[in-house]
Amino acid sequence: FSPASLLKQAGLLPLPPPDRGDLLAFCRVLRTQVEEEGFKPRTAWQPFQTTLRKAAGLPLDMGDFETVCETLRLVGLAQLRLDYANAALKRWPAKPLFVFHQYEAKEALGKPDRRGFWMMRHPLDNALDQARAEGDQRTAHRIGEMLGLGHLKVEDDFDDYDDFDDEDDE
């Protein structure tokens, strides 16, 4: 027995492609279930995976992508979150919020960047600098946590905390 077979027998699969309203309604329902009932969808979303992955290609605005990524983060659906973060980054390359979602989702999936830690860190460092420049303290803090800079305030300069004697420290 699986949710997909039950939905097929009921004539509810395959699902039509969702529109923006459907997707945002789905996110509202997921958030409500998690926040009010502590529900975490483990397999319940599986029959909808293909449809939800296709919806990442919808012409959403930045706020919609943020809503979807934050919802998927909350419920722990890392692969879908990665799909939406990647789609958002195609429209807004290097946008710090979506760089954060992309890398955190990869980490949750156990898909570290194949180029190695230092190559992975470069886009995060850039995103941190850009988030700071844009005044996006929440994203800067999250990226700082991911980079292991959680003990620093986001506006702090790392040179003040390193152990190296260089010109910046004098």
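**Helix α5 and two residues**

Trainee: Does the length of helix α5 agree or disagree with what its residue count should give?
Mentor: The helix α5 covers residues 78-91, which is 14 residues. At 1.5 Å a residue they should span 20 Å, and the end C-alpha atoms are 20 Å apart, so the two agree. Keep in mind that this is a predicted model.

Trainee: Okay. Is α5 mostly covered or mostly open?
Mentor: Mostly covered. Of its 14 residues, 10 are buried.

Trainee: Which ones are buried?
Mentor: Among them are Ala-78, Leu-80, Leu-82, Tyr-84 and Leu-89. Charged names turn up too: Arg-81 and Asp-83 are buried in α5.

Trainee: And what covers those buried residues of α5?
Mentor: Other helices take part. The cover includes α2 (20-37), α3 (49-55), α4 (62-75) and α6 (96-109).

Trainee: Back to Arg-81. Why is it called buried?
Mentor: Its relative accessible area is 4%. Buried means under 20%, so Arg-81 qualifies.

Trainee: What is Arg-81 in contact with, leaving aside neighbours within four places in sequence?
Mentor: Cys-69, Leu-72, Arg-73, Phe-100, His-101, Glu-104 and Ala-105.

Trainee: New topic. Where is Pro-16?
Mentor: Pro-16 sits in the loop between α1 (3-9) and α2.

Trainee: Buried or exposed?
Mentor: Pro-16 is exposed, with a relative accessible area of 59%. The cut-off for exposed is over 50%, so Pro-16 passes.

Trainee: How many residues separate Pro-16 and Thr-51 along the chain, and what is the distance in space?
Mentor: They are 35 residues apart along the chain. Their C-alpha atoms are separated by 7.6 Å.

Notes
Residues numbered from 1 in each chain as written. Predicted model: local features only at pLDDT ≥ 70, side-chain atom pairs only at ≥ 80, totals over all residues. Heavy atoms only, no water. Helix = DSSP H or I, 4+ residues; strand = E, 2+ residues; numbered from the N terminus. Expected span 1.5 Å × (residues − 1). Buried < 20%, exposed > 50% of the residue type's maximum accessible area, 1.4 Å probe, protein only. Contact = heavy atoms within 4.5 Å.
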